[in-house]
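Work through the following exercises with the sequence and the model side by side. Try each task on your own before you read its solution.

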Amino acid sequence: RLGKNSFSFYSSKLKKEAVEYTQMVTSLKQAIKNSELELYFQPQNEAESGKIVGVEALLRWKHKDKMISPDVFIPLAERSGLIVEIGDFVLRSAFKTVKKWHEMGILWGRVAINMSARQLTHLNLINTLKNMLKESGCEASWIELEITESSVLENPELVISLLEELRGIGFYISMDDFGTGYSSLSYLKNLPINKLKIDRSFIMNIRDEPKNQIIVKTVIFLAKELGIHILAEGVETEEERSFLLLNKIDSIQGYYYAKPMPMKDMEKLLQE
Ligand code: C2E
Ligand code: CA
Ligand code: CA
Ligand code: CA
């Protein structure tokens, strides 16, 4: 009891979680210093030709011979604020890689980079990006920035003006995980985006889910009418691919073509 009308509960479970959280944050800090973070790359293929038209950069944490999934450590990084430092690392290595691939003449498309909400609204983002363009010698048009509906939700006005500024510099903007957030339709109307990525949850089991078929068909149609590029995420089977092709999807990303792979393997694939 804290007195007056307030009291609080204490449990050993909460304490254990707090300790685990602190330990993870400490090792994540060390991971940045010790270069345990590395970008993997997954191709995005044009639906009709199967040609690689872009690449998404996906972060990996190699910790004591284990691979820790970004689904685990990105939320942790966001909560602790480490995401800004990690985000800078991701931007810097992705810019360096896309510059190299353009110089080698093996990639004509873009490299897509995931931006977390906190990174997007960080005061310095525009300056950071401009400096990185200068430092790396990259053109903004080689870079695609992936944002999610949830980062728009927090502060729509700010995000809309930020995205307009980013587009003005020449960056290409994608809406990731499309369909899993809120108010998707008003965002389509108000956000300056170039591309929609339909979330994997609508693609999985598409054969047995007539509702998903209708949603996917309609979203493809909607994007086309609005002049937005449309990609399907998490395509694994020939059946999924042919359904999407039939319904005129622009591009496809998924295990059907390739899993995310280390930089050198992606380089080989691009050369081939
Ligand atoms: P995401 O941006 O939606 O990335 C797609 C995820 O789906 C990736 O998981 C990818 O490996 C996986 N995937 C791709 N194709 C298939 C498929 O055919 N089947 C299945 N089952 N999965 C597929 P990953 O690499 O584990 O990344 C998970 C999430 O972590 C990402 O989801 C993204 O939200 C976040 N993330 C990854 N890298 C970064 C980063 O550099 N910065 C930030 N802020 N977030 C990142
Ligand atoms: Ca993504
Ligand atoms: Ca996604
Ligand atoms: Ca996702």
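**Exercise 1. The calcium ions**

Which residue coordinates both the calcium ion (ligand 4) and the calcium ion (ligand 3), and how far apart are the two ions?

*Solution.* Before starting, note that this is a predicted model, in which local features need pLDDT of at least 70 and side-chain atom pairs count only at pLDDT 80 or more, while totals for chains, interfaces and linings use all residues. Residues are numbered from 1 along each chain as its sequence is written, chains are lettered from A and ligands numbered from 1 in the order in which they are written, and side-chain values use heavy atoms, with hydrogens and water left out.

Step 1. Aspartate 177 coordinates both ions, which are 3.7 Å apart. This residue belongs to strand β6 (residues 172-178); helices (H or I, at least four residues) and strands (E, at least two) are DSSP runs, numbered from the N terminus.

Step 2. For the calcium ion (ligand 4), the protein donors are Asp177 (OD) and Asp177 (OD), at 2.9 to 3.2 Å. Donors are N, O and S atoms within 2.8 Å of the metal (3.2 Å for Na, K and Ca), and water is not among the atoms, so sites may look incomplete.

Step 3. The calcium ion (ligand 3) has the donors Asp176 (OD), Asp177 (OD), Glu233 (OE) and Glu233 (OE), lying 2.2 to 2.5 Å away, and its donor residues follow the spacing D-D-x55-E in sequence. Aspartate 176 in strand β6 and glutamate 233 in strand β8 are 57 residues apart, and the pair links distant parts of the chain. Aspartate 176 counts as buried at 7% relative accessibility, and glutamate 233 is buried at 11%, where buried means under 20% relative accessible area, exposed over 50% and partly exposed in between (1.4 Å probe, protein chains only).

Step 4. Aspartate 176 also coordinates the calcium ion (ligand 2), which is 4.0 Å from the calcium ion (ligand 3). The protein donors of the calcium ion (ligand 2) are Glu56 (OE), Asn114 (OD1), Glu146 (OE) and Asp176 (OD), at 2.1 to 2.3 Å. Because glutamate 56 lies in strand β2 and aspartate 176 in strand β6, this pair ties together parts that are 120 residues apart in sequence.

**Exercise 2. Strand β8 and its partners**

Find the strands that pair with β8, and follow the chain between them.

*Solution.* Step 1. Strand β8 (residues 229-233) is largely enclosed by the rest of the structure, because four of its five residues are buried.

Step 2. Strand β7 (residues 195-198) pairs with β8 in the parallel sense over four bridges; two strands pair if DSSP finds at least two bridges between them. Leucine 196 stands opposite isoleucine 230 in β8. Between β7 and β8 the chain passes through helix α9 (residues 210-226), in a β-α-β crossover that is right-handed, a term which means that, with the strands pointing away from the viewer, the path from the first strand over the helix to the second runs clockwise.

Step 3. Strand β9 (residues 251-253) pairs with β8 in the parallel sense over three bridges, and isoleucine 252 in β9 is the bridge partner of alanine 232. Here the chain crosses from β8 through helix α10 (residues 238-246) to β9, again in a right-handed β-α-β crossover.

**Exercise 3. Aromatic rings**

How many aromatic pairs does a search of the whole structure find?

*Solution.* Step 1. The search finds three aromatic pairs. Rings of Phe, Tyr and Trp (its six-membered ring) pair if their centres lie within 6.5 Å; planes under 30 degrees apart count as stacked, over 60 as edge-to-face and the rest as tilted.

Step 2. One of the pairs is formed by phenylalanine 41 and tryptophan 101, which are edge-to-face, with 5.1 Å centre to centre and 65° between the planes. Phenylalanine 41 lies in strand β1 (residues 37-46) and tryptophan 101 in helix α3 (residues 83-104), so the pair ties together parts that are 60 residues apart in sequence. Both residues, phenylalanine 41 and tryptophan 101, are buried.

Step 3. Tryptophan 61 and phenylalanine 73 also pair edge-to-face, at 5.6 Å centre to centre with 85° between the planes.
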